[in-house]
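Student: I have a new model on my screen and I'd like to learn how to read it. Can we go through it feature by feature?

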Amino acid sequence: VRTPRQASVGSMRIVLLGATGYTGRLAAETMVRAGLAPTLAGRRHDDLVRLADRLAPLAPSPQTEPGIAVADATDSASVRTLLHDGDDVLVSTVGPFMELGTAAVAAAVDAGAGYLDSAGEPPFIRSIFQEWGPRAEETGARLIPAFGYDYVPGNLAGAIVCARARETGHTPTRVDVGYFVDGEFGLSSGTKASAAGVMLSPSFGFRQGQLLKGNPSGTRSFDVGRNRSWKAMPVAGSEHFGLPRVESDLTDVGVWLGWAGRWTPAAAVAGQVAGSLAAIPGIDSGVTALRRRLAKTTGQGPDSAARGRARTLVVAEATDAVGRPLGTVCLTGPSPYDLTAELLAWGAVSLATKGVSPGAHGPVDAFGLDVVERGCADMGLIAIT
């Protein structure tokens with residue numbers, strides 16, 4: 001994990017829930033190196049002590065060493081005890097989120113606190129915007145889900161390509177975002193558990209100015225540079241909520257995933273079949289059982305050497321109302337897991353200091369394009385086109 005700029009924390013208090021999991025450990029190390037003095041929270045006291053002891057020497061000073069707190073991520077009352085007031089920021093890495101994530105959101109909303117998570121599961125993201133967002137507006141809570149590789153880079157790339165189109169006098173009405181990994185990429189145990197649930201969960205898309213059920217079938221190709229064209233399959237992301245808030249003329253937003261490489265067409269067909277199965281009555285119980293089984297294997301993922309062989313690659317393409325291309329933006333940066341850790345650390349500081357309004361937000365409509373672009377550039381996520 002890269003060492004980010006040391007942050008000025010003042011009286012800010014960051015609680016990292018799920019700190020002993022794979023993504024949680026990476027985020028904890030990044031926060032400690034940045035001098036954020038996070039409170040590491042989880043179910044097992046001894047595991048938290050070992051993690052805090054390992055990370056303490058990385059802190060810039062004794063005053064910024066991490067603390068620990070025991071809490072049950074599935075019990076909102078237990079998580080609520082971690083939050084003292086509305087200035088606190090709760091960062092949740094407790095995937096699979098459809099199984100384990102709701103209690104943390106409920107606690108943050110009740111406390112009127114800031115909230116970030118590393119969720120990539122579309123139904124969970126949708127619930128934050130549609131169900132928890134209105135409640136957050138009443139309590140003063142600020143909620144920004146999916147604040148990692150999925151889906152901050154796509155929100156940023158989409159906002160940049162729209163802004164560039166506007167600068168040339170054009171009106172973008174559609175944005176398509178493609179997520180890829182350049183190089184070798186291994187999945188963590190938590191990502192596998194989340195992906196299994198996602199495949200059998202109802203999807204959604206933003207089309208004709210509305211959030212609608214389902215996604216298009218098939219695949220789409222993106223030009224990823226160096227005369228390479230990669231295919232991607234449709235997924236649901238936070239871009240469907242965040243980008244129309246940033247660019248009011250958008251009527252269509254597509255989000256596409258290209259991790260499967262040459263197997264993407266087959267994966268797209270499997271995704272369509274799984275989506276159809278999601279409509280079968282009673283399937284929810286089977287999906288829940290599958291997620292629970294996979295969630296028992298936690299904390300595993302690629303080591304630093306393996307992560308170093310992968311690079312984030314995200315492409316956004318904008319078109320106008322008659323389908324004319326208006327531009328392309330390609331972002332490249334650290335590996336997906338390292339990038340997620342740095343984004344969570346940066347987002348926690350920004351959420352505590354930038355005066356974000358209550359409710360549920362995408363990253364760009366929360367902080368503004370210039371702020372997000374500068375912050376991502378500091379961690380190595382930059383536009384190459």
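Student: Let's start with strand pairing. Which residue in β3 is the bridge partner of T39?

Tutor: Keep in mind that this is a predicted model. To read a pairing, you go along one strand and look for the partner across from each residue. Here T39 has G67 in β3 as its bridge partner, and G42 is matched with V70. Strands β2 (residues 39-42) and β3 (residues 67-70) pair over four bridges, in the parallel sense.

Student: What links β2 and β3 into a β-α-β unit, and what is its hand?

Tutor: Helix α2 (residues 45-55) joins them, and the unit made by β2, α2 and β3 is right-handed.

Student: In what order do the strands of the open sheet run?

Tutor: Read across the sheet, not along the chain. The order is β3-β2-β1-β4-β5-β6-β15, seven strands with parallel pairing. At the edges sit β3 and β15 (359-360), each pairing on one side only. As for side chains, in a regular strand they alternate between the two faces of the sheet.

Student: Which helices should I look at against those strands?

Tutor: Try two of them. Helix α1 (residues 22-33) packs on the sheet and touches β1 (14-17), β2 and β4 (89-92), with its direction at about 160° to that of β1. Helix α13 (residues 336-353) lies across β1, β4, β5 (114-117) and β6 (142-144), and runs at about 165° to β5.

Student: Now a single helix. Why is α7 described as largely enclosed by the rest of the structure?

Tutor: Count the buried residues, meaning those under 20% relative accessible area. In α7, twelve of the 16 residues are buried, so the helix is largely enclosed by the rest of the structure. Among them are V152, P153, L156, I160, V161 and A165. You can check its length too: α7 (residues 152-167) reaches 23 Å from first C-alpha to last, close to the 22 Å expected at 1.5 Å a residue. Just after α7, G169 takes a positive phi of about 85°.

Student: How many residues are in the largest nonpolar core, and which touch the most other members?

Tutor: The general idea is that nonpolar side chains tend to be buried together in soluble globular proteins. In this model the largest core has 100 residues, and L143 and F367 touch the most other members. A second, separate core has eight residues, including F180, L313, V315 and C330. Go back to L143 and skip neighbours within four places in sequence: its contacts include V105, Y115, W132, G359 and H361. Over the protein, 53% of the 385 residues are buried.

Student: And the backbone? Where are the cis peptide bonds you would show me?

Tutor: For these you look at omega. The bond from G95 to P96 is cis, with omega near 0°, and P96 lies in the loop between β4 and α4 (97-100). Another cis bond runs from D150 to Y151, with omega near 20°; Y151 is in the loop between β6 and α7.

Student: What about positive phi in residues other than glycine, such as A37?

Tutor: For A37, phi is near 50°, and you'll find A37 in the loop between α1 and β2. Q208 has a positive phi of about 55°, in the loop between β8 (204-207) and β9 (210-213).

Student: Are A37 and Q208 buried or exposed?

Tutor: Check the relative accessible area. A37 is partly exposed at 27%, while Q208 is exposed at 65%.

Terms used: Residues numbered from 1 in each chain as written. Predicted model: local features only at pLDDT ≥ 70, side-chain atom pairs only at ≥ 80, totals over all residues. Heavy atoms only, no water. Core = buried A, V, L, I, M, F, W, Y, C linked by side-chain atoms within 4.5 Å. Buried < 20%, exposed > 50% of the residue type's maximum accessible area, 1.4 Å probe, protein only. Contact = heavy atoms within 4.5 Å. Pairing = 2+ DSSP bridges. Helix = DSSP H or I, 4+ residues; strand = E, 2+ residues; numbered from the N terminus. Right-handed = clockwise from strand over helix to strand, strands pointing away. Axes fitted to C-alpha atoms, helices over the stretch in contact; angles between N-to-C directions. Expected span 1.5 Å × (residues − 1).
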